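Student: Hey, I've just opened this one and don't know where to begin. Can you walk me through it?
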Amino acid sequence: MSDLKDRIVLITGASSGIGAACARKFAECGARLILVARRKERLEQLAADLGVEVHLLSLDLRDRTAVEDSLASLPEAWRAIDILVNNAGLSRGLDKLHEGDIDGWEEMIDTNIKGLLYISRAVIPQMVNRGRGHIINIGSIAGHEVYPGGNIYCATKHAVDALTKGMRIDLVDTPLRVSTVDPGLVETEFSQVRFNGDKKRAESVYKGYQPLTGDDVAEAVVWIADRPPHVQIAEVIILPTAQASAMVVHKEG
Ligand code: NDP
Ligand code: 8X3
């Protein structure tokens, strides 16, 4: 039986893609789930199919007060969070920096960096107090490389990489673990968001090769969470077989 049974797992960005897949995989292991995202109906639909205890937090992670208040007012039975999956994030556009949309930059920075920090600051202290916990950040190949038009998004994912390393240093004298899963191309709603709902352009990102699915990434996340307490997987980079680096993707046709 999995060691994840009855563990409390908080997953941000659970209404779609990688986060929803993580929710399904942790549910298969019998975990109890706190699911966070803005779209409440999506969370409700997902929760209805999971067959485990679920607590929903409909929340914009950019709103620091909302994050702090929601976490501070969790019911007693949900306070002892064992695993925090910092997954929520997005990209906007692929413009050159000097032509970029500043609102899009702020959305990326406020979500991918500041949102991750707000929730981490709210959750990690109780993990430290209990001497138990695992933080799993979802970074990206964009946290290791910079590609044309990736500028601000890549900067936010480089920041996630730095924050993962910083957390690991800060928590080294505790039993807590810190990990990152850094995927290449995963077919989710990510490109639809990046291209502001342009479905055709989004679909073209995943044509001519087999991209990763949310499940592929979620399997890595659950594997990392299920290692024995003395084993800390620092980093997993996971790419489609047809992808060699951020820019090198072998496409047929
Ligand atoms: P999706 O667009 O499918 O999912 C993004 C999730 O983030 C949604 O659940 C969304 O929920 C949530 N989210 C976005 N903004 C906020 C916010 N302000 N407050 C709360 N939740 C928010 O994309 P993916 O599943 O692909 O992305 C998940 C993570 O994986 C991101 O961090 C992304 O950078 C990373 N990643 C993705 C890759 C890919 O190729 N797809 C590759 C590498 C990394 P809602 O809109 O309901 O709030
Ligand atoms: C998402 C993958 O290659 O668009 O992080 O940056 S990529």
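Tutor: Sure, we'll go from the overall fold to a few salt bridges, keeping in mind that this is a predicted model.

Student: Okay, how many helices and strands are there in the protein chain?
Tutor: The protein chain has eight helices and seven strands.

Student: And what's its radius of gyration?
Tutor: It's 17 Å, which agrees with the value near 18 Å for a compact globule of 253 residues. Along the principal axes, the C-alpha trace spans about 50 × 40 × 40 Å.

Student: What share of the residues is buried?
Tutor: Buried residues make up 50% of the 253.

Student: Switching topic: how many salt bridges are there in the whole structure?
Tutor: A search finds 15. One of them joins the side chains of glutamate 219 and lysine 25, at 3.5 Å from N to O. Glutamate 219 is in helix H8 and lysine 25 in helix H1, so this pair ties together parts 194 residues apart in sequence.

Student: Is lysine 25 buried or exposed there?
Tutor: Lysine 25 counts as buried, at 16% relative accessibility, while glutamate 219 is partly exposed at 46%.

Student: Which residue does aspartate 161 meet in a salt bridge?
Tutor: Lysine 165, at 2.8 Å from N to O. These two are four residues apart in helix H5, about one helical turn. Aspartate 161 is buried, with a relative accessible area of 13%, whereas lysine 165 is partly exposed at 42%.

Student: Which residues are linked in a network of salt bridges?
Tutor: Arg39, Arg42 and Glu189 are linked that way.

How values were computed: Residues numbered from 1 in each chain as written. Chains lettered and ligands numbered in written order. Predicted model: local features only at pLDDT ≥ 70, side-chain atom pairs only at ≥ 80, totals over all residues. Heavy atoms only, no water. Rg over C-alpha atoms; globule rule 2.2 N^0.38 Å. Buried < 20%, exposed > 50% of the residue type's maximum accessible area, 1.4 Å probe, protein only. Salt bridge = Lys/Arg side-chain N within 4 Å of Asp/Glu carboxyl O.
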